[in-house]
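Work through the exercises below with the sequence and the model open side by side. Each task is followed by a solution in steps.

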Amino acid sequence: MSQSFCVEVILALPQACHRRWVYGAEAKTVGQAVAASTLDQVCHEASGEWPSAYGIHGRRVGGDHLTSNGARIEVLRALTIDP
């Protein structure tokens, strides 16, 4: 099986920034890519909450959004303070 698909998944927490790459033979949805990276679990363990949303290059997208090769997916947490 060739690894022709790759996306980067990012989770920024106050104490650390986590970055994982997800590889595969075909495109995935944002939800599938985040689950494969296990950063949704990291978010839950660190904050006690599951991710509230996702973004691609600063634009909010849903978990069913189909990703493209080379995309950067941001795992977003709920705000604790309203700016």
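The model is predicted.

**Exercise 1. A loop residue and its backbone**

Task: Determine whether His57 is buried, partly exposed or exposed, and describe its phi angle.

Solution.
Step 1. The relative accessibility of His57 is 58%. Exposed means over 50%, so His57 counts as exposed.
Step 2. His57 sits in the loop that lies between β3 and β4.
Step 3. The phi of His57 is positive, about 50°, although this residue is not a glycine. Most residues other than glycine have a negative phi.

**Exercise 2. A second positive phi**

Task: Find where Thr38 is placed, and state its phi and its exposure class.

Solution.
Step 1. Thr38 belongs to the loop between α1 and α2.
Step 2. Thr38 is not a glycine, yet its phi is positive at about 65°.
Step 3. With 38% relative accessibility, Thr38 falls in the partly exposed class, which runs between 20% and 50%.

**Exercise 3. The order of the sheet**

Task: Give the strand order of the sheet, and explain why β2 and β4 each have one side without a neighbour in the sheet.

Solution.
Step 1. The sheet is open and has 5 strands, in the order β2-β1-β5-β3-β4. The pairing is mixed.
Step 2. β2 (17–24) and β4 (59–61) are at the edges and have a single partner strand each, so one side of each has no neighbour in the sheet.
Step 3. From one strand to the next, the twist averages 30°.
Step 4. Helix α2 (residues 39–47) packs on this sheet, where it touches β1 (5–12) and β2. The direction of α2 makes about 5° with that of β1.

**Exercise 4. Strand pairs, one by one**

Task: For each pair of strands in the sheet, state the sense of pairing and the number of bridges.

Solution.
Step 1. β1 and β2 are antiparallel, with 8 bridges. A hairpin of 4 residues connects β1 to β2. Val7 has Val22 in β2 as its bridge partner.
Step 2. β1 also pairs with β5 (residues 72–76), in the parallel sense and over 4 bridges. Leu11 is partnered by Val75 of β5, and Val9 stands opposite Ile73 in β5.
Step 3. β3 and β5 run antiparallel and are joined by 4 bridges. Here Tyr54 is opposite Val75 in β5.
Step 4. β3 (residues 53–56) pairs with β4 in the antiparallel sense over 3 bridges. Ile56 has Arg59 in β4 as its bridge partner.
Step 5. Burial can be added for β1: 6 of its 8 residues are buried, so the strand is mostly covered.

**Exercise 5. Two serines**

Task: Is Ser37 buried or exposed, and which residues does Ser37 contact beyond four places in sequence? Answer the matching points for Ser68.

Solution.
Step 1. Ser37 is part of helix α1 (residues 30–37). Its relative accessible area is 5%. Buried means under 20%, so Ser37 is buried.
Step 2. Once neighbours within four places in sequence are set aside, Ser37 is in contact with Val9, Arg20 and Val22.
Step 3. Ser68 is found in the loop between β4 and β5. Its relative accessibility is 46%, so Ser68 counts as partly exposed.
Step 4. With neighbours within four places again left out, the contacts of Ser68 are Phe5, Cys6 and Val7.
Step 5. Two distances help to place these serines. The C-alpha atoms of Ser37 and Asp64 are 16 Å apart, with the two positions 27 residues apart along the chain as the separation. Ser68 and Thr38 are 30 residues apart along the chain, and 19 Å separates their C-alpha atoms.

**Exercise 6. The largest pocket**

Task: What is the volume of the largest pocket, and how do its lining residues divide by character?

Solution.
Step 1. The largest pocket holds about 150 Å³ of space.
Step 2. Its lining includes Leu13, Pro14 and Gln15. Also among the lining residues are Cys43, Ala46, Ser47, Glu49 and Trp50. Arg77, Ala78, Leu79 and Thr80 line the pocket as well.
Step 3. By character, the lining has 7 nonpolar, 3 polar and 2 charged residues.

How values were computed. Residues are numbered from 1 along each chain as its sequence is written. This is a predicted model: local features need pLDDT of at least 70, side-chain atom pairs count only at pLDDT 80 or more; totals for chains, interfaces and linings use all residues. Side-chain values use heavy atoms; hydrogens and water are left out. On a 1 Å grid over the protein atoms alone, a cavity is a set of points where a 1.4 Å probe fits but cannot get out, and a pocket is an open set with protein on both sides within 12 Å along at least five of seven lines; lining residues have an atom within 4 Å of a point. Grid points are joined across faces, edges and corners, and a volume is the space filled by probe spheres set on the points. Ala, Val, Leu, Ile, Met, Phe, Trp, Tyr, Cys and Pro count as nonpolar, Asp, Glu, Lys and Arg as charged, and the others, Gly among them, as polar. Two strands pair if DSSP finds at least two bridges between them. Helices (H or I, at least four residues) and strands (E, at least two) are DSSP runs, numbered from the N terminus. Axes are lines fitted to C-alpha atoms, for helices over the stretch in contact, and angles run from 0 to 180 degrees between N-to-C directions. Contact means heavy atoms within 4.5 Å. Buried means under 20% relative accessible area, exposed over 50%, partly exposed in between (1.4 Å probe, protein chains only).
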